[in-house]
Amino acid sequence: NRHIVNGRSANPAAFIYWLLTDPVAGIGYPVSQIDVDLFREVGNTLHAEGAGINLQWDSIGLAGELIDEVLRHVDGFRYIDPVTGLFSIGLIRDDYDPSTLPVFDGSNIVEVEVREPSWGDQVNYVTLEYVDTDFKKRAVPYPNLAAIERRGEIESRTVQYFGIDDEDQALAMAARLAKRFAYPLKSGRFKVD
């Protein structure tokens, strides 16, 4: 049964699927408009990673906001597939072949706007707060030692992921965040022809 992770937590993909399809507590989205195979694949990945979710939900908030919060806990995203038109989810992982990505360059870009942050703007020490299985608030620190050395001082950020109840999962998320926060990634927008 891959709906439960670590014997106690809900599989985030299964929870999102339930929230989408349940007509009473959820949105009541038609199953025919969901990429069920992709949900299953993402659920298997999350199960293998031990990435479960435990969130209190009182159904007062919007279901879409809860879906986004669950996806934030697992570094995920949602989208409507432009080819199939199906509701889909994905995970931000280093699990793709760069040669299969579309190429955008001078031959098809007509307008570019780029923001270039500096190394000095980057966070190099992450403290992730979570709630353990005894309902106690815990925190795991995760320093990015290379980024601290490069900057010469600590620049910290505390983040809250109260749907995580496992120290190993909290450390894995803190490591992903420390890597993301410490590197000055360019951001921007571009328009193609």
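These legends go with close-up views of a predicted model.

**View 1. A nonpolar patch on the surface.** Here you can find Phe104, Val112, Val114, Phe190 and Val192, which together make a nonpolar surface patch of about 450 Å². Two elements, β5 (109-115) and β9 (187-192), each give two or more residues to this patch.

**View 2. Phe104, a loop member of the patch.** Let's stay with one residue of the nonpolar patch, Phe104. Phe104 sits in the loop that runs between β4 (87-91) and β5. Its relative accessibility is 43%, so Phe104 counts as partly exposed; the partly exposed class lies between the limits of 20% and 50%.

**View 3. An open sheet of 3 strands.** Follow the order β7-β6-β8 to trace this open sheet, in which the pairing is mixed. The edge positions belong to β7 (137-143) and β8 (156-160); each has a single partner strand, so one side of each has no neighbour in the sheet. On average, neighbouring strands of the sheet are turned by 20° against each other, direction ignored.

**View 4. The pairing of β6 with β8.** Strand β6 covers residues 125-131 and pairs with β8 in the parallel sense, over 5 bridges. For a handy landmark, look for Tyr125, which stands opposite Ser156 in β8.

**View 5. Helix α5 on the sheet.** Residues 167-182 form helix α5, which packs on the sheet and touches β6, β7 and β8. If you compare directions, that of α5 makes about 150° with that of β6.

Terms used. Residues numbered from 1 in each chain as written. Predicted model: local features only at pLDDT ≥ 70, side-chain atom pairs only at ≥ 80, totals over all residues. Heavy atoms only, no water. Patch = residues over 30% accessible without salt bridge, like charges linked within 9 Å, V, L, I, M, F, W, Y side chains within 5 Å. Areas by Shrake-Rupley, 256 points an atom, 1.4 Å probe, with all protein chains shown as cover. Salt bridge = Lys/Arg side-chain N within 4 Å of Asp/Glu carboxyl O. Helix = DSSP H or I, 4+ residues; strand = E, 2+ residues; numbered from the N terminus. Buried < 20%, exposed > 50% of the residue type's maximum accessible area, 1.4 Å probe, protein only. Pairing = 2+ DSSP bridges. Axes fitted to C-alpha atoms, helices over the stretch in contact; angles between N-to-C directions. Contact = heavy atoms within 4.5 Å.
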